[in-house]
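Q: I am new to this structure and would like a close look at a single part of it. Could you take one residue and its surroundings and describe them with care?

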Amino acid sequence: MGKLVICDHPMIQHKLTFIRDVNTNTKDFRELVNEVATLMTYELTRDVPLVSVPVETPVVHAEGKIISGRMLGLIPILRAGLGMLDGILMLLPAAKVGHVGLFRDPHTLQPVEYYVKLPTDVQERELIVIDPMLATGGSAIAAIDVLKKRGCTQIKMMNLIAAPEGVKAVREAHPDVDIYVAALDEKLDEHGYIVPGLGDAGDRLYGTK
């Protein structure tokens, strides 16, 4: 079973409080989301392997450590996932970026794929699927389905906040996927919103209703 990691560093929790606040304006909301994404990336890359390399310091020859060339791919779910992308690229500037676009069918309420653009070598990369909210889990499951249908096997999920229902759904559908969140919230309400949540992440990122 994939692990659930709650990134509870004090700086993340501090910034998440302001992200939740209804009075936080669009500019500050956007900046805070990117900052939390950067901090979460630190935790998500904790197990990236290292190799030893020689290094010449101003004093002596020494041995240092560098990341062992692991290829990463970032897959934001459109549109809200884009709000976390720049923050992650701050630490992973060499990562390639793909996009998965999904919308919810108003009749079936199921996610429908409308846009997929992935790096040509996506099957060789460890992928991070990015979305601020993990509510029912429908979009996350659909996005991971899209990647697995294209031969991808190394997949992680990154969300700002999640509902227990969404975590359960993703783990049942894709038990091999690790999920990283800044907070595991209480529940979903009758409209499918996370409680206490932060509202609609896309609307708050882009000033739409």
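A: Buried means a relative accessible area under 20%, exposed means over 50%, and partly exposed lies in between, with a 1.4 Å probe and protein chains only. By that scale Lys96 is partly exposed because its relative accessible area is 36%, whereas Arg125 is buried because its value is 6%. This is a predicted model, in which local features need pLDDT of at least 70 and side-chain atom pairs count only at pLDDT 80 or more, while totals for chains, interfaces and linings use all residues. Residues are numbered from 1 along each chain as its sequence is written, and side-chain values use heavy atoms, with hydrogens and water left out.

Lys96 belongs to strand E5 (residues 96-97), and Arg125 sits in the loop between strand E7 (111-117) and strand E8 (126-130); strands (E) are DSSP runs of at least two residues, numbered from the N terminus. Leaving aside neighbours within four places in sequence, Lys96 is in contact (heavy atoms within 4.5 Å) with Leu72, Gly73, Leu74, Pro119, Asp121 and Arg125. With the same kind of neighbours set aside, Arg125 is in contact with Met71, Leu72, Gly73, Lys96 and Gln154.

The side chain of Arg125 also reaches the backbone oxygen of Leu72 at 2.8 Å. Further, the side chains of Arg125 and Asp121 are joined by a polar contact of 3.0 Å, a term for a pair of N or O atoms within 3.5 Å where, within protein, one must be able to donate a hydrogen and the other to accept it, and residues adjacent in sequence count only if both atoms are side-chain atoms.

Conventions. Helix = DSSP H or I, 4+ residues; strand = E, 2+ residues; numbered from the N terminus.
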